[in-house]
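User: I want to go through the labels used for this model one by one. For each, give me the value, the cut-off and the verdict.

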Amino acid sequence: AAAAYTVRRGKIYNTGLLADDQGRLVLRYEKIHLPFDEKEVVAFGKDYAVADTRLGRIGFAICYDIQYPEHMACLATKGVQIVLHPSGGYTGPGEPQDMGQQRLRIRASDSNAALVYACFSPDLRESAVIAPNGEVKACVAGSDVGFAVGQVTIGGKQPVPGTKPEAPDWVALRRAHRRPETYRPLTRR
């Protein structure tokens, strides 16, 4: 996986690219949420692209995208299981120091998708693997370069909390109980 500025049809996009183990491009995502400095030169993406891979259904949330819970909700409606999150950092101005990681944990839990964070800032060399339940499985932080390697379970049934293993799947219930017809206020200006 990689994130880079690419040009398509004469426009510049902040693009997430994912290749399979044969080197074939299987996912191209163009960043949707652009901060004030980036939107001056970069075009907005329009599609929450996902790809089926042997590891699971993968999508992207590049940098500023993670600020929006709607982004992860859109990926969840497409059945995403792993979200790749390349970013220049995750804690915003005026936020407590741990707010960025807390946000990543919540986004993973809300969408029930593992989140793989890699920081490309020269000042913040961080990376993390967060399980679909929001648990941090691995984290490398500080000025040292390193890899966060963590094991997460993708897919599989999760019984409703406090019930027997044969109980309904908690993830399937949460997704089935979404009420998108009531979410219109989110699309009104």
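User: Why does lysine 31 count as buried?

Analyst: This is a predicted model, so the values are computed from it. Lysine 31 has 2% relative accessibility. Buried means under 20%. Lysine 31 therefore counts as buried.

User: What makes the contact between glutamate 38 and lysine 31 a salt bridge?

Analyst: The closest N and O atoms are 2.6 Å apart. The limit is 4 Å between a side-chain nitrogen of Lys or Arg and a carboxyl oxygen of Asp or Glu. The pair is therefore a salt bridge. Side chains of opposite charge can pair when their charged atoms come close.

User: Is glutamate 38 buried or exposed, and how do you know?

Analyst: Glutamate 38 is at 8% relative accessibility. The cut-off for buried is under 20%, so glutamate 38 counts as buried.

User: How do you know that glutamate 95 and arginine 103 meet in a salt bridge?

Analyst: Their N to O distance is 2.4 Å. That is within 4 Å, so the pair qualifies.

User: Which labels do glutamate 95 and arginine 103 get for accessibility, and why?

Analyst: Arginine 103 has a relative accessible area of 6%. That is under 20%, so arginine 103 is buried. Glutamate 95 has 28% relative accessibility. Partly exposed lies between buried, under 20%, and exposed, over 50%. Glutamate 95 therefore counts as partly exposed.

User: What makes lysine 137 and glutamate 135 a salt bridge?

Analyst: The N to O distance is 3.6 Å. The limit is 4 Å, so this pair counts too. Lysine 137 is partly exposed, with a relative accessible area of 37%. Glutamate 135 is also partly exposed, at 37%. Elsewhere, Arg8, Arg28 and Glu30 are joined into one network by salt bridges that share partners.

User: How many salt bridges does this rule give?

Analyst: The count comes to 10.

User: Why is the pair of tyrosine 29 and phenylalanine 60 called stacked?

Analyst: A search of the whole structure finds two aromatic pairs. In this one, the ring centres are 6.3 Å apart and the planes stand at 10°. Pairing needs centres within 6.5 Å, and stacking needs planes under 30 degrees apart. Both conditions hold, so the pair is stacked.

User: What does that pair tie together?

Analyst: Tyrosine 29 lies in strand β3 and phenylalanine 60 in strand β5 (residues 56-60), so the pair ties together parts that are 31 residues apart in sequence. Both residues are buried.

User: Why is the pair of tyrosine 64 and tyrosine 68 called edge-to-face?

Analyst: The centres are 5.5 Å apart and the planes stand at 85°. Edge-to-face needs over 60 degrees, so the label follows. Tyrosine 64 is partly exposed at 31% relative accessibility. Tyrosine 68 is partly exposed at 28%.

User: Why is tyrosine 5 called exposed?

Analyst: Tyrosine 5 is at 54% relative accessibility. Exposed means over 50%, so tyrosine 5 counts as exposed. Tyrosine 5 lies in strand β1. With Val7 and Ile12, Tyr5 makes a nonpolar surface patch of about 320 Å².

User: What makes β1 and β3 edge strands?

Analyst: The open sheet has three strands in the order β1-β2-β3, paired antiparallel. β1 (2-8) and β3 (25-30) each pair on one side only. The twist averages 40° from one strand to the next.

User: How do you know that β2 pairs with β1 and with β3?

Analyst: Pairing requires at least two bridges. β1 and β2 (residues 11-19) have seven, and β2 and β3 have five. Both pairings therefore count. In the β1 pairing, threonine 6 stands opposite tyrosine 13 in β2. In the β3 pairing, alanine 19 stands opposite leucine 25. The hairpin of β2 and β3 has five residues between the strands, and there glycine 23 takes a positive phi near 85°.

User: Why is β6 described as largely enclosed?

Analyst: Six of the six residues of β6 (residues 82-87) are buried, so the strand is largely enclosed by the rest of the structure. Ile82, Leu84 and Pro86 point one way, and Val83, His85 and Ser87 the other way.

User: What makes β5 and β6 a pair?

Analyst: Three bridges join β5 to β6, which run parallel. At least two are needed, so the strands pair. Glycine 59 has valine 83 in β6 as its bridge partner.

Note on methods:
Residues are numbered from 1 along each chain as its sequence is written. This is a predicted model: local features need pLDDT of at least 70, side-chain atom pairs count only at pLDDT 80 or more; totals for chains, interfaces and linings use all residues. Side-chain values use heavy atoms; hydrogens and water are left out. Helices (H or I, at least four residues) and strands (E, at least two) are DSSP runs, numbered from the N terminus. Axes are lines fitted to C-alpha atoms, for helices over the stretch in contact, and angles run from 0 to 180 degrees between N-to-C directions. Buried means under 20% relative accessible area, exposed over 50%, partly exposed in between (1.4 Å probe, protein chains only). Patches are made of residues with over 30% relative accessible area and no salt bridge: like charges are joined within 9 Å, nonpolar side chains (Val, Leu, Ile, Met, Phe, Trp, Tyr) within 5 Å. Accessible areas come from the Shrake-Rupley method with a 1.4 Å probe; for residues, only the protein chains shown count as cover. Rings of Phe, Tyr and Trp (its six-membered ring) pair if their centres lie within 6.5 Å; planes under 30 degrees apart count as stacked, over 60 as edge-to-face and the rest as tilted.
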